[in-house]
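Q: Please take a close look at the charged side-chain pairs in this model. Work through them one by one, then set them against the strands and the pocket.

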Amino acid sequence: MAVSLKKRQQVVAVIGAGDDAPAAVCKLAFAVGREIARRGAVLLNGGRTGVMESSAAGARKHGGRTIGILPGYDRRAANRHVEFVIATGIGEARNAVIVASADAVIALAGEGGTLAEIGFAKKFGKPIVALDSWPEIEGLNRTDTPAGAVALALKLATANSRRRN
């Protein structure tokens, strides 16, 4: 009996501020998560607070799938909107795992961890879309709306996939 395989869904990493994320940034993150779900992609992030929690909440509220890559071993550290929790125990090195596992990255305002993820995305050749953030970094694709960020990320991911195959 032949098994029919479905095409793999695109995975979009959403990166940005954690514990100290401003409310306006969290609102953008929620909208990004919503758009990812509406377009049938999977949301991937660090699984904790701030941008991570808000983007996962937006995706789940609209029927989307969410994956959280945690820095520690305790799966309970994930926010309640993460559907698939991956506890790594590798600390901040999990930032490389997040980016390597995504087809594209959407960067919102953040700090050092977000900056590290942007660096990994550049090194790994992953498309990066900066949503109303990171003007000091050259070479990022830019947009100022959540819908525009997701549309551009998915378009760039498709083009990048074709180049690699």
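A: Start with Glu83, which forms a salt bridge with Arg60; the closest N and O atoms are 3.2 Å apart. The model is a predicted one. Glu83 sits in the loop between strand E3 (65-70) and strand E4 (84-87). Arg60 belongs to helix H2 (residues 51-61), so the pair ties together parts that are 23 residues apart in sequence. How exposed are the two partners? Glu83 has a relative accessible area of 29% and is therefore partly exposed. Arg60, at 35% relative accessibility, also falls between the limits of 20% and 50%, so partly exposed is the class for Arg60 as well.

In general terms, side chains of opposite charge can pair when their charged atoms come close. The number of salt bridges in this model is seven.

Next comes the pair of Arg8 and Asp103. Their side chains meet in a salt bridge, with 3.2 Å from N to O. This pair links distant parts of the chain, 95 residues apart. Arg8 is in the segment before E1, while Asp103 is in the loop between H3 and E5. Here the burial classes split. Arg8 has 58% relative accessibility, which is over 50%, so Arg8 counts as exposed. Asp103 has 16%, which is under 20%, so Asp103 counts as buried.

Glu92 and Arg94 make another salt bridge, at 3.8 Å from N to O. Which partner is buried, and which is exposed? Glu92 counts as exposed, because its relative accessibility is 52%. Arg94 counts as buried, because its value is 6%. In this pair the acid is exposed and the base is buried. For Arg8 and Asp103 the base is exposed and the acid is buried.

There is also a network. Arg34, Glu35 and Arg38 are linked in it by salt bridges.

Now the strands. The loop that holds Asp103 lies between H3 and E5. Strand E5 covers residues 104-107. Both of its faces are covered. Ala104 and Ile106 are buried on one side, and Val105 and Ala107 are buried on the other. E5 pairs with E1 in the parallel sense, over four bridges. In that pairing, Ile15 stands opposite Ala107. E5 also pairs with strand E6 (residues 128-131), again in the parallel sense, over three bridges. There, Val105 stands opposite Ile128. Both residues of E5 named in these contacts, Val105 and Ala107, are on one side of the strand. E5 and E6 also belong, with H4, to a right-handed β-α-β unit.

Finally, the pocket. The largest pocket has a volume of about 410 Å³. Among its 24 lining residues, Gly16, Ala17, Gly18, Asp19 and Met52 are the closest to the centre. Three elements each supply at least two lining residues: strand E1 (11-15), helix H3 (94-100) and helix H4 (112-124). H4 gives the largest share, four residues. What is the class make-up of the lining? The lining has seven nonpolar, 10 polar and seven charged residues.

The elements recur across these topics. E1 pairs with E5 and also supplies part of the pocket lining. H4 stands with E5 and E6 in the β-α-β unit and contributes to the lining too.

Terms used:
Residues numbered from 1 in each chain as written. Predicted model: local features only at pLDDT ≥ 70, side-chain atom pairs only at ≥ 80, totals over all residues. Heavy atoms only, no water. 1 Å grid on protein atoms, 1.4 Å probe; cavity = no way out; pocket = protein on both sides within 12 Å on 5 of 7 lines; lining within 4 Å. Points joined across faces, edges and corners; volume = space filled by probe spheres on them. Nonpolar A, V, L, I, M, F, W, Y, C, P; charged D, E, K, R; others polar. Buried < 20%, exposed > 50% of the residue type's maximum accessible area, 1.4 Å probe, protein only. Pairing = 2+ DSSP bridges. Right-handed = clockwise from strand over helix to strand, strands pointing away. Salt bridge = Lys/Arg side-chain N within 4 Å of Asp/Glu carboxyl O.
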